[in-house]
Each structure stands twice: as structure tokens, then as C-alpha cells.
Amino acid sequence: MTKRLLTTLLLGISLLPLRAQTPSAEVLLETTAGNIRVALYGETPLHRDNFLKLVNLHSYDSLLFHRVIKDFMVQSGDINSRHAKPGELLGSGDYDYTTEPEFRLPQIYHRRGVIAMAREGDDVNPEMRSSASQFYIVWGRIFDDAGIAKIQERLDKATQGRVKLTPEMIETYKTIGGTPHLDGQYTVFGEVTEGLEVIDKIQQSPTDDNSRPLEDIRILKATVVKK
């Protein structure tokens, strides 16, 4: 049994891309918690190309996972985090541009293990344009029928009925898990193909009141390994 297959069985998660998703590039994130390999989707070319550009510019090297919330997600990409002092408040560091949203529902959504771009809130960003550099990787949780019903109600209010969970999405959120309340509001542009156990490890890290890990978790190096 391969290490990857064993990890998949232990976590109860399929790491293979869904049918409608086309991996078109891969990035390796070498972190202090372990290595994470990410496949970027051809269906979201603006986000793919922006992420690859920043990786090639070494923009992610030495950045922290500055925001970690258990059973939700782990976030990195704050350009001010490279030399941040212990306990320093992070989250505002970014470049001076944004990216047009590329929502690809119902094929691409916030299941466990996907990577998506952060963004400013609707009050200052009604077009839901993505951050230039800050991204998050979803962990989330598994939902029952009652939880799914509450999520759909929440989505109806947040998106004015624009986002409806399909049977496939619902089954995924009930078996694999994720963060369905973000669907149709943040752009998902890839997924973890190796190292999901590293995400699990990071999301369980003790944090301060601002969700920053008490012990720094850092991206040592980001590299494009497949174009």
C-alpha cells in the first residue's frame, strides 16, 4: 500500500480531482509542517496564472500561515508576514491589485482540500474580486441533513438565491466535508493532491485570539513543478 493511499484511507478523503476539473499546473509548497502539492485548475485561468506568477517571483517563500481556524481553513499569503514579530497582527498585507472572480459552480466548490483566494468583504468589494496573494486551503467539517438545510438557508440569504447545492455537492459535504457556506462567494482554483495530512496538522495548531498560530508555521519555498 502506498503512503498516499494509506493517508487517503486514514483521512477518509479522495484526493483525486472531480470529473469536471482539469489540473493544468502543479505547485509544491515546502512548509515547516511538511510538503503540500497543489494542482491548479484549467477552468480558473486568471487565478491559476496569477498564482503561478507569484510562485515564480518567489513571493510566497518564507510567508507564514497567519490565520488558522480549526475545522475551517488555513490561510497564507500575507506579504507582511515574512518578517512578522511574534504575536503581531497579520492579515492586511497584499499587493495593489485584485482578480476577477471565477466561480465555477456546481463543478468546483469548497470541498475539503481545495485551495481558494481570500478577498475583502462585500461592503467594500461587492464584485467579490479576489486578493492578489492571500489564499486559503479548506478543511471544514462533515454535515448532516439538518446542517445542509441550514447552509442552504444561509446561502439563499448571502447570494439572493443564486447558489443552490446540487445532490453531488450535498453528498460530498456529507461524506468528505468542506465549507459550503463560502460557495459562489470565493474563487476555488485548485486542490491539494498530496499532503492533506499536513493541512490537518496545521488546522489543529493552537492559536492566539487573532487566529495566528502560537508557533510560526512557514512556507519555506513554493515551486512550480508542472506546467
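In this predicted model, Phe135 has a relative accessibility of 0% and therefore counts as buried, since burial requires a value under 20%. Tyr60, at 1% relative accessibility, falls under that cut-off and is likewise buried.

The aromatic rings were then examined in pairs. A pair of aromatic rings is described by the distance of the centres and the angle of the planes. With centres required to lie within 6.5 Å, six aromatic pairs were counted in the structure. In one of these, formed by Phe51 and Tyr60, the ring centres are 5.1 Å apart and the planes meet at 35 degrees, so the pair is classed as tilted, because this angle is neither under 30 degrees, as stacking would require, nor over 60 degrees, as an edge-to-face arrangement would require. Both Phe51 and Tyr60 are buried.

Tyr60 also forms an aromatic pair with Phe135, and here the arrangement is edge-to-face, with 5.4 Å from centre to centre and 85 degrees between the planes. This pair links distant parts of the chain, for Tyr60 lies in the loop between helix H2 (45-56) and strand S3 (65-69), whereas Phe135 belongs to strand S6 (residues 135-138), 75 residues apart. Through ring pairs, Phe51, Tyr60 and Phe135 are joined with Phe189 into a cluster.

Aromatic rings also take part in contacts with charged side chains. The charged end of Arg112 is placed over the ring of Trp139, at 4.2 Å from the centre of that ring, while Arg119 lies over the face of Tyr186, 4.5 Å from the ring centre.

Definitions and conventions
Residues are numbered from 1 along each chain as its sequence is written. This is a predicted model: local features need pLDDT of at least 70, side-chain atom pairs count only at pLDDT 80 or more; totals for chains, interfaces and linings use all residues. Side-chain values use heavy atoms; hydrogens and water are left out. Buried means under 20% relative accessible area, exposed over 50%, partly exposed in between (1.4 Å probe, protein chains only). Helices (H or I, at least four residues) and strands (E, at least two) are DSSP runs, numbered from the N terminus. A charge sits over a ring if NZ of Lys or CZ of Arg is within 6 Å of the ring centre and within 35 degrees of the ring normal.
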